[in-house]
Amino acid sequence: MNENLTALIPELSLVGAAVLGLLAGSWLPRRRQWLIAALAVVACTAGLVATAITMATGREQTVFSDQFAVDVATDAGRLIVLGALLLVIAMSAETVRGHKRETEYWVLLLLTSAGTLALIGANDLLMLFAAYLLASIPAYALVAFAKDNFGTEAALKYYLMGALLGTTMLAGVALFYGAGHATLYHELRTTLPEAPYGLVAVALVAVLAGLLFKAGAVPAHLWVPDVTDGAPAPIAAYVTTLPKVGALIASYRLLHQALPDSDVNWPFLLAVLAGVTMTLGNLAAFFQTSVKRLLAYSTISQVGYLLMALAVATRTDLAQQSLLFYLAAYAVTNLGAFAVVTALPAARTLEDYRGLASRRPGLTAVLVLCLLGLVGTPPTGVFLGKLEIFSATIDGGYTWLAALAVANTVASLFYYLRWLTPLFTITDFAPLATHAAAGRLTTATAYTAGTLALGLGIAGEAALAFGTGNLLP
């Protein structure tokens with residue numbers, strides 16, 4: 001059995017930093033607790049370096065009885081999650097600096113991120129569920145970090161849905177074991193085709209319920225607008241971005257590795273879920289006035305586009321690279337929009353952004369870039385990501401789904417323009433947004449995310465190469 005711990009350096013770095021940070025934070029004075037944030041940055045950097053070395057040396061492997069796979073999807077997912085986590089840390093630093101529970105904030109953030117990384121590489125159903133719990137439980141506490149009425153209500157809804165669908169997911173794992181007499185994906189691949197159709201179908205739906213909850217897809221999306229609106233802006237940025245990366249890569253690996261030969265028509269199920277998710281997210285966003293709720297429904301619609309790659313996971317070789325690239329492009333673009341929201345805490349509605357261009361031209365430029373990027377406007381990364389996913393969907397035989405996605409993309413321009421139009425309106429009064437002081441670090445985070453969103457579009461061909469390769473059995 002391969003028990004090579006060096007294969008898990010990114011995950012162990014986050015967990016180790018969380019444990020060390022919790023111990024150190026118990027003794028540090030409040031003015032020195034920023035050191036835990038620095039420790040989190042070091043852990044992320046160590047994980048990125050280790051991932052880069054793994055990719056450069058081609059040391060793909062499965063470890064601990066094949067329960068965790070280190071392959072192209074794992075490496076790409078690690079790069080996305082750790083890079084996005086650095087942006088979230090920078091976005092959060094000025095918000096929690098000097099807070100009496102600052103250490104707890106960083107520890108919870110590290111633990112839930114470690115769970116997301118575990119989801120990405122999970123190659124076994126029990127490992128998948130353990131990762132789900134680690135990714136979920138610390139996030140519930142983070143949503144309620146402010147301890148106000150809105151945050152507490154949001155955390156309660158988040159927890160109740162997570163507990164319900166987590167239990168459903170565990171039942172699905174048990175049914176899979178009963179049907180296939182195994183929990184490892186490569187063993188299920190050979191046993192599930194001979195298992196009873198109904199048992200496999202129910203098991204798959206139950207497991208997907210938990211993963212769709214983490215991704216924020218229909219029908220497990222009901223928590224997204226309330227949590228996004230009630231949580232502090234950096235945490236809203238986190239829960240609408242990083243868990244999606246873990247859940248969607250984990251879903252792709254499960255479908256591609258464990259169920260390619262199953263009689264269950266899961267491609268059609270995923271195609272329907274993709275179409276419903278993107279359409280509902282767009283329709284619900286049309287007349288939102290809260291910027292955070294608008295971004296919440298936007299993230300739901302984006303998951304719909306991403307689910308298209310899962311629907312054709314075994315039908316085309318384009319599915320994997322399109323999914324991984326779109327996840328990277330979406331992560332930096334969504335975090336860029338949330339960084340602007342974080343930098344302007346007093347601006348809660350679209351009207352509060354009126355006249356922003358004349359007073360904060362830099363932040364306005366980032367917001368315009370990120371919102372148009374989420375639409376899929378060239379030359380941003382999301383444009384290339386959508387192009388790749390649409391091509392993969394057509395190649396996989398779901399032309400109708402690609403046509404629906406194009407229609408939704410055009411429709412989404414309406415509600416993004418509702419936010420963009422007030423930015424350039426000349427006004428004689430100073431709205432809330434112009435009085436909100438943007439911290440330098442948060443502003444720099446917005447600029448960095450916007451630059452990455454644009455850079456991924458310009459250097460897209462090189463970035464797409466990181467998503468090519470076979471998954472390990």
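Trainee: In which loop does proline 379 lie?

Mentor: In this predicted model, proline 379 sits in the loop between helix H16 (361-375) and helix H17 (381-395).

Trainee: What makes the peptide bond between proline 378 and proline 379 worth naming, and how is it classed?

Mentor: The bond that joins proline 378 and proline 379 is a cis peptide bond, with omega at about 5°. A cis bond also runs from valine 218 to proline 219, where omega is near 10°, and proline 219 belongs to the loop between H8 and H9.

Trainee: How do you know whether the protein is as compact as a globular protein of its length?

Mentor: I would begin with the secondary structure, which comes to 21 helices and two strands. The radius of gyration is 21 Å, and the globule rule gives 23 Å for 473 residues; the two values are close, so the protein is as compact as a globular protein of that length. The C-alpha trace spans about 70 × 55 × 40 Å along the principal axes, and 59% of the 473 residues count as buried. Among contacts with a separation of 6 or more, residues 24 or more positions apart account for 82%.

Trainee: Why is glutamine 320 called buried?

Mentor: The cut-off for buried is under 20% relative accessible area, and glutamine 320 has 8%, so glutamine 320 counts as buried. The residue is found in helix H14 (residues 318-343), and its contacts, leaving aside residues up to four places away in sequence, are Val72, Tyr252, Gly467, Thr468, Gly469 and Leu471. Of these, glycine 467 is 147 residues away along the chain, yet the two C-alpha atoms are separated by 6.6 Å.

Trainee: How do you know on which side of the cut-off methionine 308 falls?

Mentor: Methionine 308 has a relative accessible area of 0%, which is under 20%, and therefore the residue is buried. Methionine 308 lies in helix H13 (residues 291-311) and touches, among others, Ala274, Met278, Phe390 and Leu401, residues up to four places away in sequence not being counted. The C-alpha atoms of methionine 308 and threonine 393 are 6.4 Å apart, although 85 residues separate them along the chain.

Trainee: Why is the pair of phenylalanine 287 and phenylalanine 414 called edge-to-face?

Mentor: A pair of aromatic rings is described by the distance of the centres and the angle of the planes. The count for this protein comes to 17 aromatic pairs. For phenylalanine 287 and phenylalanine 414 the centres are 6.0 Å apart, within the 6.5 Å limit, and the planes stand at 70°, over the 60 degrees required, so the pair is edge-to-face. The pair links distant parts of the chain, 127 residues apart, with phenylalanine 287 in the loop between helix H12 (266-285) and H13 and phenylalanine 414 in helix H18 (residues 399-423).

Trainee: What makes the burial classes of phenylalanine 287 and phenylalanine 414 what they are?

Mentor: Phenylalanine 287 has a relative accessible area of 65%, over the 50% limit, so it is exposed. Phenylalanine 414 has 40%, which falls between 20% and 50%, so phenylalanine 414 counts as partly exposed.

Trainee: Why is the pair of tyrosine 415 and tyrosine 416 called tilted?

Mentor: The ring centres of tyrosine 415 and tyrosine 416 lie 4.5 Å apart, and the planes at 40° are neither under 30 nor over 60 degrees, so the pair is tilted. Tyrosine 415 is buried, at 0% relative accessible area, and tyrosine 416 is likewise buried at 0%.

Trainee: What makes helix H9 largely enclosed by the rest of the structure?

Mentor: Seven of the eight residues of helix H9 (residues 223-230) are buried, and therefore the helix is largely enclosed. The buried residues include Trp223, Val224 and Asp229, and what covers them includes helix H5 (125-143), helix H6 (149-180), H13 and H14. Trp223 also takes part in an aromatic cluster with Phe129, Tyr132, Tyr140, Tyr158, Tyr159 and Phe213.

Trainee: Why is phenylalanine 64 called partly exposed?

Mentor: Its relative accessible area is 28%, between the 20% and 50% limits, so phenylalanine 64 is partly exposed. Phenylalanine 64 lies in the loop between strand S1 (61-63) and strand S2 (68-70) and has a positive phi of about 55° although it is not a glycine. Aspartate 66, in the loop between S1 and S2, has a positive phi of about 65°, and at 26% relative accessibility counts as partly exposed.

Methods: Residues numbered from 1 in each chain as written. Predicted model: local features only at pLDDT ≥ 70, side-chain atom pairs only at ≥ 80, totals over all residues. Heavy atoms only, no water. Helix = DSSP H or I, 4+ residues; strand = E, 2+ residues; numbered from the N terminus. Rg over C-alpha atoms; globule rule 2.2 N^0.38 Å. Buried < 20%, exposed > 50% of the residue type's maximum accessible area, 1.4 Å probe, protein only. Contact = heavy atoms within 4.5 Å.
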